[in-house]
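Got your viewer open? Let's take a walk through this one together, one selection at a time.

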Amino acid sequence: MSETSPGSGVYESDVSWDSTTVPDGSYEVIFEVMDAGPKGVITTETVNIYVDNVQLNNVTILTPTPGEIIRNDYVINATPSPVTEAKYAELYVDGEYAGYDNSLTDNNYTFTLDTTIYDDGSHLLRVVVYDAIGNSVSDTVAVNIQNSPTVYIVDPDPDEVIQGNYTMRLSAD
């Protein structure tokens, strides 16, 4: 202890604590000070802290892959690293909130996206993973939503001349 100003009766003390010896998490630290007087009055002060020695490094969207065509109900998978630090994840489509997952299954966050509520075309998917104190990492992938069927004319060929009764063929996906 060191007296901050002679005769003031005010003392300061530094306490060193190696937070790497405990798991990341919330802690309540209690300080007790005893008066040096004859009655030995104890004063208690409490502070809540959060130990965060291990940080989220990244998240990787596993599915879909960049440029992939997705349709209907599509399952999006993302893996955070390190998995132990991830607490929950959010999905955004074109910057708009689209889902939440707080259960890591096989070290993945999983979202089922109903693509039918979006226009066909290019869209940006972003998964944001948060740790317990709100730090976040994200990954983004551009995809193509295509719920309208694509029609292919199989027969006749362009500019083909046909005669009489003719069966035309097409396919759609």
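Here comes a short tour, starting with confidence, then the core, then the aromatic rings.

**Stop 1: colour by confidence.** Keep in mind that this is a predicted model. The protein chain has a mean pLDDT of 89, and 95% of its residues reach 70 or more. Where is confidence lowest, and where is it highest? Look at strand S1 (residues 2-3) for the low end, with a mean of 48, and at S8 for the high end, with 98.

**Stop 2: the core.** Now select Ile 70, Ile 76, Phe 111, Leu 113, Leu 125, Val 127 and Val 129. These are the residues with the most contacts inside the largest nonpolar core, which has 22 residues. Which strands supply at least two residues each to this core? Show S5 (58-63), S7 (73-81), S8 (88-93), S10 (109-114), S11 (121-130) and S12 (136-145), and you have them. S12 gives the most, with four residues. As background, nonpolar side chains in soluble globular proteins tend to be buried together.

**Stop 3: zoom in on Phe 111.** Leaving aside residues up to four places away in sequence, what does Phe 111 touch? Its partners include Tyr 74, Val 75 and Ile 76, then Ala 89, Glu 90 and Leu 91. Add Gly 99, Tyr 100 and Asp 101, and finish with Val 127.

**Stop 4: aromatic pairs.** There are four aromatic pairs in the structure. Pick Trp 17 and Tyr 27: their ring centres are 6.3 Å apart and their planes sit at 75 degrees, so this pair is edge-to-face. It links distant parts of the chain, 10 residues apart: Trp 17 is in the loop between strand S2 (11-12) and strand S3 (25-34), while Tyr 27 is in S3. Trp 17 counts as partly exposed at 45% relative accessibility, and Tyr 27 counts as partly exposed at 25%.

Next, select Tyr 92 and Tyr 97. Their ring centres are 5.9 Å apart with planes at 80 degrees, so they are edge-to-face. Is Tyr 92 buried or exposed? With 14% relative accessibility, Tyr 92 counts as buried, whereas Tyr 97 is partly exposed, with a relative accessible area of 47%.

**Stop 5: a charge over a ring.** Stay on Tyr 92 and bring up Arg 126. The charged end of Arg 126 sits over the ring of Tyr 92, 4.9 Å from its centre.

**Last stop: a trio of tyrosines.** Select Tyr 88, Tyr 100 and Tyr 130, which form one aromatic cluster. You have already met Tyr 100 as one of the residues that Phe 111 touches.

Definitions and conventions: Residues are numbered from 1 along each chain as its sequence is written. Side-chain values use heavy atoms; hydrogens and water are left out. A nonpolar core is a set of buried Ala, Val, Leu, Ile, Met, Phe, Trp, Tyr and Cys residues joined through side-chain atoms within 4.5 Å. Buried means under 20% relative accessible area, exposed over 50%, partly exposed in between (1.4 Å probe, protein chains only). Contact means heavy atoms within 4.5 Å. pLDDT is the predictor's confidence in each residue, from 0 to 100. Rings of Phe, Tyr and Trp (its six-membered ring) pair if their centres lie within 6.5 Å; planes under 30 degrees apart count as stacked, over 60 as edge-to-face and the rest as tilted. A charge sits over a ring if NZ of Lys or CZ of Arg is within 6 Å of the ring centre and within 35 degrees of the ring normal.
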